[in-house]
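Here's a short walk through one protein chain and the ligand that goes with it. Keep the picture open while you read.

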Amino acid sequence: MEQQTDTNAAIWKSDTTVATWAAQAAERERNHGAQWRLMAQLLPFSQHESVTFLDLGAGTGAASRAILERHPRSTAILADFSPEMMGAGEAELQAFAGRYRYVEFDLLAGGWPAALPVAVDAVVTSLSVHHLPDERKQSLFAEIFQRLRPGGWYLNYDPVRTDDPVVTATWTRLTDEDDPEAARKRLHRTAHEQARYENHVRFISPLAPQLDWLRSAGFQGVELWWKRLDYVIFGGYRARAL
Ligand SMILES: C[S@@+](CC[C@H](N)C(=O)[O-])C[C@H]1O[C@@H](n2cnc3c(N)ncnc32)[C@H](O)[C@@H]1O
């Protein structure tokens, strides 16, 4: 576990990763932009509501930007453990100056920093929870529930795994159809790309237990809001007191 933690931190805190990340901005927007906008749409805030949301493992803030754009009175708190990713995010969030701040937070270590508010209107995670082992995913979902105000929402956009090889092969076949370069890229990874790939896949979990963990944490309305192949948006809300 200690060594795996170091691998994840080393990758996300490396200049090479951040440089590659910047170079792939257009590709990410093409592949994930619609999902970030759907997350923003799903959050049931009115145009006039002043709301605060947390983006955990926020990176350069792609999900936050979609939410800030759609909900003009929202404020974002973006948490990540990589000063390098947060530094790159500052540049990308300039249009929202005054409506966001970054907080350093290692999701694996737990122990929420004092700079994070104790009650927020929503929490989102985008492409970050799959970096955590299952026990930590489960405890994180419970901690997120505790931080939500009654009526608050949690949404997670992430890849999922299946144990069925036929399903996996079908996901791969269709992914390759979407991106004719995907198969070639898979076969010709640099050492850095291979390390990032292995770090990416090692803790990806199936969908069903994750929905169960949300229910066990106390979430209502646990729902799969969107799915395409191995990527999903799921979440739930904290019921208002009767
Ligand atoms: C694939 S990127 C996704 C970034 C962003 N949420 C997005 O959708 O573009 C994964 C992010 O999770 C962060 N991350 C990974 N492990 C983490 C941990 N243990 N604690 C906090 N952040 C972590 C990385 O630094 C990186 O910014």
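Of the contacts in the protein chain with a separation of 6 or more, 72% are between residues 24 or more positions apart; a contact here means that two C-beta atoms, placed from the backbone, lie within 7 Å. Keep in mind that this is a predicted model, where local features need pLDDT of at least 70, side-chain atom pairs count only at pLDDT 80 or more, and totals for chains, interfaces and linings use all residues. Residues are numbered from 1 along each chain as its sequence is written.

The protein chain has ten helices and seven strands; these are DSSP runs, H or I of at least four residues for helices and E of at least two for strands, numbered from the N terminus. Its radius of gyration is 17 Å, close to the 18 Å that the globule rule gives for 242 residues, so the chain is as compact as a globular protein of that length. That radius is taken over C-alpha atoms, and the rule is 2.2 Å times the number of residues to the power 0.38. Along the principal axes, the C-alpha atoms fill a box of roughly 55 × 40 × 35 Å.

How much of the protein chain is made up of buried residues? The share is 31% of the 242 residues. Buried means 20 or more other C-beta atoms within 10 Å of a residue's own, exposed means 12 or fewer, and partly exposed is in between, with C-beta atoms placed from the backbone.

Now for α4 (62-70). Seven of its nine residues are buried, so α4 is largely enclosed by the rest of the structure. The cover over those buried residues includes α3 (25-42), β1 (51-56) and β4 (120-126), among others. One of the buried residues is Ala 63, which touches Trp 36, Met 39, Asp 55, Val 124, Ser 126 and Tyr 157, leaving aside residues up to four places away in sequence. Ala 63 is also among the residues that touch the most other members of the largest nonpolar core, which has 46 residues. Such a core is a set of buried Ala, Val, Leu, Ile, Met, Phe, Trp, Tyr and Cys residues joined through C-beta atoms within 7 Å. Glu 69 sits in α4 too, but Glu 69 is partly exposed, with 14 other C-beta atoms within 10 Å.

Next comes β4, where seven of seven residues are buried. It runs parallel to β1, with four bridges, and parallel to β5, with six bridges; strands pair if DSSP finds at least two bridges between them. Leu 54 has Val 123 in β4 as its bridge partner, while Val 124 stands opposite Leu 155 in β5.

Two leucines have a positive phi although neither is a glycine:

| Residue | Phi | Loop | C-beta atoms within 10 Å |
|---|---|---|---|
| Leu 127 | about 60 degrees | between β4 and α6 (134-147) | 20, buried |
| Leu 229 | about 50 degrees | between β6 (220-228) and β7 (231-237) | 15, partly exposed |

Finally, the ligand. Around the ligand are 19 residues, and the closest are Trp 12, Gly 57, Gly 59, Leu 107 and Ser 126; a residue counts as near if its C-beta atom, placed from the backbone, lies within 6 Å. Both α1 (2-12) and α4 supply at least two residues of this shell. The shell divides into ten nonpolar, seven polar and two charged residues. Here Ala, Val, Leu, Ile, Met, Phe, Trp, Tyr, Cys and Pro count as nonpolar, Asp, Glu, Lys and Arg as charged, and the others, Gly among them, as polar.
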